[in-house]
Amino acid sequence: MRRRRQAATGEPTALPGGGVPDPAAALGPEGRAGLRGTTHEPTASMSAAVVSGAKWSTSARLVTQAMQFLVGLLLARLLLPEDFGLVASVYVISGFAVMFFELGLGAALIQRSTISERDMSTVFWVNALGGILFAALLAAAAPLVASFYGQAELVTLTPLVALAFTLSVGVVHSALLQRRLAFKTVAQIEVAAAVLGHATTVTAALAGAGAYALVYGPLVTSAAASVGSFAAVRWVPRHFISPTSLRELWRFSGGLLGFNVVNYWGRNVDNLLVGRELGAAPLGLYNRAYNLMLLPIAQITGALGRVMFPALSAMQGDYARMRTAYLRALRITNALAVPMLLGLAATAEGLVPLLWGPNWDATIPLLQILCLAGVPQCIGSSTGWLYQATGRTTLMFLMGAIGTVLAVVLIVVGLRWGVVGVAVAVLARYWVMMPVGVHVAGRAVGLKVRTVLAHAGPTFAAAGVMGLLVWGLPEVLALDRRAVPVVVGQVALGVLVYVGTMLLVARSLVAEVRGVLRRR
């Protein structure tokens, strides 16, 4: 749950002698090169490496998101909305602190053309020591967090969540794997960690742990991911923190950190204010609706973003090539994610009770509104690839600040109408900011808004037609939207209408998506 607002941003998760070997040799079939410095440099093998990376990254996303979805169905029947709301409340605070203890330095290691042993050692120790510091600070602040939300249970929940800071120490190892585009190894680590974490959550929920079950699982996931990264990359720090390395890395990560801070609150001020003003139960309903909406975006944009950031970084200076790669990735993202979002909105009245049971009916209007808010995010979230690959993180920060101010104003106004008003505020924020963000980020590589919208137009039109027909079918035929056969029929109709329309208006894109899925 802590990661749910980061997945949609399009941002990456985050050697003695400093030798510079050939990048093709550094990649290798599994990225199992030595640990000496490497450079980002376009080579003949880059396209194949990107395709392979996208395959593994997307596959890992498919598996982990499928697990999250299925486990979520079970947890919705084992836990109460209040349990989800309690944990979401504390994750708003802990998620903010996560950015500071890592400082965006992992992304800086990925973006830099050459890294040294001192660079990696610096990032490792900043991450490790920062984790201990922030775990202690968050644990000490537990009474204040509980008082802010008016929830006494957070006094004990907050220190448990804080333990994650001390367990997430694989930032350097993960960055090294991503630099080499060794996404098969990354995928194996992520899937194994997710299996262990979800198993822990379900076991704890069955044992009656309540909200604590939602904390135990992520702790196990963090620990398993760190252990897996250490096992995959046999590297240990040989120096302590180097002020010189820290200053050089900060040139990139400082702007990225600033963006992450303002973007985080822009994306989580809804959670904060709903939990504070409306309580844990409304927050639990809102959080579940947001998470379900986020699944298509996180599944597709997140997977491609993991690959596109290092790939575009390797193309620095070749703007024509960057534009082509970006637009191709964006076309595929929209073709897959947009129909899923509009399909969710169209079938929500039958899908929510079918998946989660009658206790979650209040999420139906929230899910419908938030799915419409997710459509512009399919484009807007990808702008982070361009900002970071071109090193324009300061501009990224400024745009994030503007978006956050707009979000806060709209959400404060929307609170007057409860969680539905907050969802409408989120909808307005993303539709307003999407063209602005594309304009500013696209200037770095000579990309215009009208070009991006022209590439997205056929997909948006086909998905819109599909959504209207799927929603209108039960209305025209006077069918019970909650009946399972009706929901199944809506889904089948949606697939047929969307694919058929796309074959008429964008046949080449259909072929491209089929090729990508076949390779995956």
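**A tour of helices H13, H14 and H17**

Begin by selecting the interface between H14 and H17: Leu-366, Ile-369, Leu-370, Leu-372, Ala-373, Val-375, Pro-376, Gln-377, Ile-379 and Gly-380 in H14 meet Val-419, Val-420, Ala-423, Val-424, Val-426, Leu-427, Tyr-430, Trp-431, Met-434 and Val-438 in H17. Colouring this selection by residue class gives 18 nonpolar, two polar and no charged residues. Please note that the model is a predicted one.

Next, display the two helices in full, H14 as residues 363-380 and H17 as residues 418-442. How closely do the axes of H14 and H17 approach, and at what angle do they cross? The axes come within 8 Å and cross at roughly 15 degrees. Because angles under 35 degrees count as roughly parallel, H14 is described as roughly parallel to H17. The crossing of H14 past H17 is left-handed.

Keep H14 on screen and add H13, residues 319-356. Here the packing angle is about 180 degrees, and the axes of H13 and H14 lie 9 Å apart. An angle over 145 degrees counts as roughly antiparallel, and H13 and H14 are therefore roughly antiparallel to each other. The residues of this contact comprise 19 nonpolar, five polar and one charged.

Now select Thr-363, which is found in helix H14. Is Thr-363 buried or exposed? Its relative accessibility is 1%, so Thr-363 counts as buried, the threshold for that class being under 20%. To see what surrounds Thr-363, show Leu-285, Ala-289, Val-352 and Trp-356, which are its contacts once neighbours within four places in sequence are set aside.

Move to Ala-337, whose place is in helix H13. Ala-337 has a relative accessible area of 0% and is therefore buried. Which residues are in contact with Ala-337, apart from its neighbours within four places in sequence? They are Pro-296, Ile-300 and Cys-378. A distance label between the C-alpha atoms of Ala-337 and Pro-296 should read 5.3 Å, although 41 residues separate the pair in sequence.

Finally, zoom out to the whole protein chain. Its secondary structure comes to 20 helices and zero strands. Of its 520 residues, 57% count as buried. With a surface representation switched on, the chain exposes about 20200 Å², and carbon and sulfur atoms supply 68% of that area.

Note on methods: Residues numbered from 1 in each chain as written. Predicted model: local features only at pLDDT ≥ 70, side-chain atom pairs only at ≥ 80, totals over all residues. Heavy atoms only, no water. Helix = DSSP H or I, 4+ residues; strand = E, 2+ residues; numbered from the N terminus. Buried < 20%, exposed > 50% of the residue type's maximum accessible area, 1.4 Å probe, protein only. Contact = heavy atoms within 4.5 Å. Axes fitted to C-alpha atoms, helices over the stretch in contact; angles between N-to-C directions. Parallel < 35°, antiparallel > 145°, perpendicular 65-115°, else oblique. Nonpolar A, V, L, I, M, F, W, Y, C, P; charged D, E, K, R; others polar. Areas by Shrake-Rupley, 256 points an atom, 1.4 Å probe, with all protein chains shown as cover. Left-handed = near helix turned anticlockwise from the far one by under 90°.
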